[in-house]
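The following exercises are meant to be worked through with the sequence and the coordinates side by side. Each task is followed by a solution that proceeds step by step.

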Amino acid sequence: MGNILASEFLKLRRKMVWFLVVIGPTGVIALQALNYGLRFDFLMKQYASDPWGYLMINVSNLLVPALLMGMTIISSMIASLEHQTNAWKQTVALPVGRTRLYLGKFGVTALLLLGSTTLAMVGTILLGLLLGHELEALPWKSLLIAMYGSFLSALPYLAVQVWLSVAISNQAVPLTIGIAGLVVSIFVLNGPSSLDWLPWKWPFLVRAEPMYSMVAGLLTGAVFYLLGTIHFVRKDVG
Amino acid sequence: MMTDIVIETKGLTKTIGGRNVVDKLDLKIKRGEIYGFLGPNGAGKTTTIRMLLGLTKPSSGEVRLFGKSIGKERVALLRKVGSLVEYPSYYGHLNAIENLETIRLLLPGVKKSRIDEVLSIVRLTKDAKRMVKGYSLGMKQRLGIAAALLGEPELLILDEPTNGLDPSGIIEIRELIRSMPARYGLTVLLSSHLLSEVGQMATEVGIVTKGKLIFQDQLEVLKGRSKQQIHIGLDDRQRALSLLHANGFKAELSGGSLYVPQGDDKRIAAIVRMLVQQGLEVSRVEEQGDSLESVFLHMTGGEGEL
């Protein structure tokens with residue numbers, strides 16, 4: 001498995017993907033820095049009761065849409081590497097099982113986005129410190145949930161995007177569906193709890209209902225990952 | 001050496017949209033052969049090759065490589081196979097070494113030094129550090145062949161390897177392929193819609209049209225089927241014809257030209273000497289080169305390109 005990932009990462013050399021992985025979380029943190037910078041005194045008074053908590057809410061409100069967008073774009077870029085010169089026929093004819101090839105594609109996408117998530121978390125801590133919040137008061141558990149919890153509960157979204165991007169060579173299709181999904185998720189994010197079953201809501205719901213959102217995300221994500229694998233294994237290539 | 005049959009298909013069929021693109025194909029390819037897989041465009045060559053590599057599943061029938069069914073041991077069997085299907089696949093933003101490294105990582109037991117070896121085999125060493133998107137088609141094709149050779153395969157499957165190449169590229173690849181069984185002991189399956197091209201490389205030929213295999217034998221047998229004739233250009237053809245017949249040589253006039261059957265050099269030399277000694281002006285003695293092509297055209301029903 002290590003070799004498949006090494007091969008996938010080698011294919012990303014000199015690619016824009018790396019720029020996206022860094023610019024996404026950096027942009028989110030920069031926007032929040034601007035937000036706090038412009039009305040520092042007002043916000044500090046407003047958030048005095050729980051400065052870290054409010055910072056996390058602010059960051060993750062921007063981070064989740066950015067993460068969903070990143071899942072759409074990066075899945076598409078990773079799959080495009082093979083679609084461009086139909087390298088699938090070369091890759092699939094190598095002595096590697098298709099299940100593992102698909103896992104490699106999913107794995108490299110997930111790792112890149114986990115990297116972005118980690119950068120966002122580090123950025124949040126740095127921004128908090130810069131704003132004068134005390135490190136001792138940092139609620140680690142809430143922070144991890146706001147960051148990696150969002151990622152876990154967005155797994156169904158990622159699994160669907162990887163599946164579509166790999167299965168359909170015309171990347172307009174997965175990109176359109178991904179962006180439509182993002183719109184839906186922003187639409188339902190403040191919706192009533194009767195809509196909590198909607199996967200698009202989970203990445204936003206995770207701060208209020210961490211266990212539910214993460215477990216539902218993980219299980220639903222696994223289902224879509226499995227469906228994607230089965231489809232890829234049976235697919236005619238070439 | 002377990003078996004001498006490297007590729008064997010039994011009743012291989014692929015139905016796409018209700019049409020049998022490949023129809024009950026029984027291929028048999030022996031070790032060490034260069035097998036020319038011929039047919040007009042759209043005859044089902046590429047589809048067959050995709051099934052050989054497990055890229056596509058047959059609708060019915062079976063593919064056996066090295067005596068084992070590909071359905072069951074695909075991954076283990078593919079380790080011994082190198083392939084280039086249709087136009088080459090590559091990652092344009094990577095250089096040749098990086099391209100090959102992405103493949104090497106997935107081939108168990110292939111050392112890094114092998115990349116330099118295959119690059120020198122296809123003569124890309126000089127351009128190895130350039131990004132592949134700047135390569136000419138011929139160079140990309142050669143990179144594809146390098147990729148196919150990377151795992152030191154026992155079987156090389158090349159689909160239209162000289163497609164889109166210029167004459168010098170074609171000659172280069174032809175020489176490369178021709179030297180392979182001798183130098184590396186491998187078996188080569190080579191598809192093409194050009195008989196003239198395969199005729200210069202292959203030892204064994206299979207001809208497929210409309211998904212059906214209509215000929216499979218040694219190239220010599222195919223050549224034997226073509227009525228090779230020698231065209232003799234001279235001034236008085238009628239007189240030449242009667243002279244030849246009088247001296248016991250077979251000859252015929254067709255379309256105002258004089259033909260004698262292909263034969264050993266001595267007999268042709270004797271004919272020419274006799275004609276010249278009789279005072280006839282012999283201006284041309286040439287082999288009717290197209291007859292192999294016409295056999296092919298005839299077999300494939302005269303359709304499609306050559």
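**Exercise 1. Count the salt bridges in the structure, and explain why the one between B:Glu154 and B:Arg31 links distant parts of the sequence.**

Step 1. In this predicted model, the count over all chains comes to 20 salt bridges.

Step 2. One of them joins B:Glu154 to B:Arg31, with 3.5 Å between the closest N and O atoms, which falls inside the cut-off of 4 Å.

Step 3. B:Glu154 belongs to the loop between helix 5 and strand 8 of chain B, while B:Arg31 sits in the loop between strand 3 (28-30) and strand 4 (34-38) of chain B, so the pair ties together parts that lie 123 residues apart in sequence.

**Exercise 2. Work out the strand order of the six-stranded open sheet in chain B, and describe what lies across it.**

Step 1. The six strands of chain B follow one another in the order 7-8-9-4-10-11, and their pairing is mixed.

Step 2. The edges are formed by strand 7 (81-84) and strand 11 (212-218) of chain B, each of which pairs on one side only.

Step 3. With direction ignored, neighbouring strands in this sheet are turned against each other by 15° on average.

Step 4. For a parallel pair within the sheet, take strand 8 (residues 155-159) and strand 9 (residues 187-192) of chain B, which are joined by five bridges; here B:Leu155 is found opposite B:Thr187 of strand 9 of chain B.

Step 5. Helix 5 (residues 137-149) of chain B lies across strand 7 and strand 8 of chain B, and runs at about 165° to strand 7 of chain B.

**Exercise 3. Analyse the four-stranded open sheet of chain B in the same manner, and identify the helix that packs on it.**

Step 1. The order is 13-14-12-15 in chain B, and the pairing is antiparallel.

Step 2. Strand 13 (252-254) and strand 15 (282-287) of chain B are the edge strands, each with pairing on one side only, and the twist from one strand to the next averages 30°.

Step 3. Three bridges hold strand 13 of chain B in antiparallel pairing with strand 14 (residues 257-261) of chain B, and B:Leu253 has B:Leu258 of strand 14 of chain B as its bridge partner.

Step 4. The helix in question is helix 9 (residues 237-246) of chain B, which touches strand 12 (229-234), strand 13 and strand 14 of chain B and whose direction makes about 20° with that of strand 14 of chain B.

**Exercise 4. Characterise the interface of chain A and chain B by its extent, its polar links and the elements of chain A that contribute to it.**

Step 1. In terms of contacts, 31 residues of chain A meet 31 residues of chain B.

Step 2. The two chains bury about 2,800 Å² between them, with 57% of that area on carbon and sulfur atoms; on the side of chain A, the greatest losses fall on A:Lys89, A:Gln90 and A:Pro95, which together account for 24% of what that side buries.

Step 3. Three salt bridges are counted between the chains, and a salt bridge is formed by the side chains of A:Arg14 and B:Glu98 at 2.5 Å, N to O; the rule for polar contacts finds 22 residue pairs across the interface.

Step 4. Among the elements giving two or more residues to the side of chain A that touches chain B are helix 4 (51-83) and helix 6 (98-130) of chain A, but the largest share, six residues, comes from helix 1 of chain A.

Step 5. Sorted by class, that side of chain A comprises 13 nonpolar, eight polar and ten charged residues.

Technical notes:
Residues numbered from 1 in each chain as written. Chains lettered and ligands numbered in written order. Predicted model: local features only at pLDDT ≥ 70, side-chain atom pairs only at ≥ 80, totals over all residues. Heavy atoms only, no water. Pairing = 2+ DSSP bridges. Axes fitted to C-alpha atoms, helices over the stretch in contact; angles between N-to-C directions. Contact = heavy atoms within 4.5 Å. Buried area = accessible area lost by both parts, 1.4 Å probe. Polar contact = N/O pair within 3.5 Å; in protein donor to acceptor, adjacent residues only side chain to side chain. Nonpolar A, V, L, I, M, F, W, Y, C, P; charged D, E, K, R; others polar.
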